[in-house]
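Trainee: Could you take me through one part of this model up close? I'd like to follow the chain from a single spot and see what surrounds it.

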Amino acid sequence: MKHLLLSSRALVTDAIKQAFLALCRQSDNQRDQIVIIVNAVDEGKRHPQVLKLQQTIQDMGFQNVTLFDVDVDDFQTLVTAKAIVISGGYEFKLVDHLKRSGMLLQLRALINQGKPVYGISAGAIVLGPDLDLFATLYLEDNFLPANHVPAIQAMDVYICPHYDRLCAADATLANQISDWEHQQHVQVTRLNDEQGLAIHGDLVRLVL
């Protein structure tokens with residue numbers, strides 16, 4: 001059974017923190033190691049928000065919180081982790097690193113085997129089928145050679161994180177997303193900055 005948690009921002013509310021703790025309890029691994037994949041940003045393990053996330057998880061009682069670079073670190077670290085966190089940043093950069101390192105398919109297999117995974121912002125987006133919505137909305141961000149960019153495909157849910165903030169910045173965004181849904185015959189789950197989505201098998205729950 002798949003165990004996923006998605007949110008726009010990292011552990012920003014008590015409800016999301018409780019959902020994260022519940023996610024970790026889905027693992028039968030007795031080790032308390034939490035691994036954070038950092039490849040959505042250029043600075044990787046040195047990025048201030050990544051370091052802040054590491055500290056936040058440590059403050060929740062997980063003292064063994066490891067920052068993980070898919071380009072250089074050992075995949076076995078993900079295999080033995082209690083849970084995996086995919087931090088935010090740039091979804092195209094993240095998918096590119098996962099593909100070039102060979103870990104995209106390996107990560108998908110781990111999720112299918114029941115490894116709990118928490119995706120934040122870009123980390124939530126890449127758990128879905130593809131990045132095609134964002135290739136349409138933000139064409140300039142897609143440095144990859146195609147408009148169709150398959151992602152981890154751990155779920156069939158399309159996510160738009162930061163929906164409230166993005167719509168406030170661009171009055172056309174809501175209509176752009178609706179048009180894309182109509183053209184592609186899919187539904188996009190819109191998550192505001194303080195919302196999350198918990199997925200356990202076939203059960204999908206909005207976290208408020």
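Mentor: Let's start at Leu11, which is found in the loop between β1 (3–7) and α1. Keep in mind that this is a predicted model. Leu11 has a positive phi of about 50°, although it is not a glycine. Its side of the story has a second part: Leu11 counts as buried because its relative accessibility is 4%, and the cut-off for buried is under 20%.

Gln153 makes a good companion to look at, since this residue also has a positive phi, of about 65°, without being a glycine. You will find Gln153 in the loop between α7 (132–137) and β6 (158–160). With a relative accessible area of 37%, Gln153 is partly exposed.

Now go back to the loop that holds Leu11 and step to either side. On one side is β1, which runs antiparallel to β8 and is joined to it by five bridges. Within that pairing, Leu6 has Leu197 in β8 as its bridge partner. Strand β8 (residues 196–200) is largely enclosed by the rest of the structure, because four of its five residues are buried. Five bridges also join β8 to strand β9 (residues 203–207), again antiparallel. Here Leu197 turns up once more, standing opposite Leu206 in β9. The two strands β8 and β9 form a hairpin with two residues between them, and Gly201 in the turn has a positive phi of about 65°.

On the other side of the Leu11 loop is helix α1 (residues 14–24), which carries Phe20. By the ring-pairing rule, the model has three aromatic pairs. In one of them, the rings of Phe20 and Phe62 have centres 6.0 Å apart and planes at 75°, so the pair is edge-to-face; the cut-off for that label is over 60 degrees. This pair links distant parts of the chain, as Phe62 sits in the loop between α2 (48–59) and β3 (65–68), 42 residues from Phe20. Both Phe20 and Phe62 are buried.

Phe20 also pairs with Tyr118, and this aromatic pair is tilted, with 5.6 Å centre to centre and 50° between the planes. It too links distant parts of the chain: Tyr118 belongs to strand β5 (residues 117–120) and lies 98 residues from Phe20 in helix α1. Like Phe20, Tyr118 is buried. Put together, Phe20, Phe62 and Tyr118 form one aromatic cluster.

Technical notes: Residues numbered from 1 in each chain as written. Predicted model: local features only at pLDDT ≥ 70, side-chain atom pairs only at ≥ 80, totals over all residues. Heavy atoms only, no water. Phe/Tyr/Trp six-rings, centres within 6.5 Å; stacked < 30°, edge-to-face > 60°. Buried < 20%, exposed > 50% of the residue type's maximum accessible area, 1.4 Å probe, protein only. Pairing = 2+ DSSP bridges.
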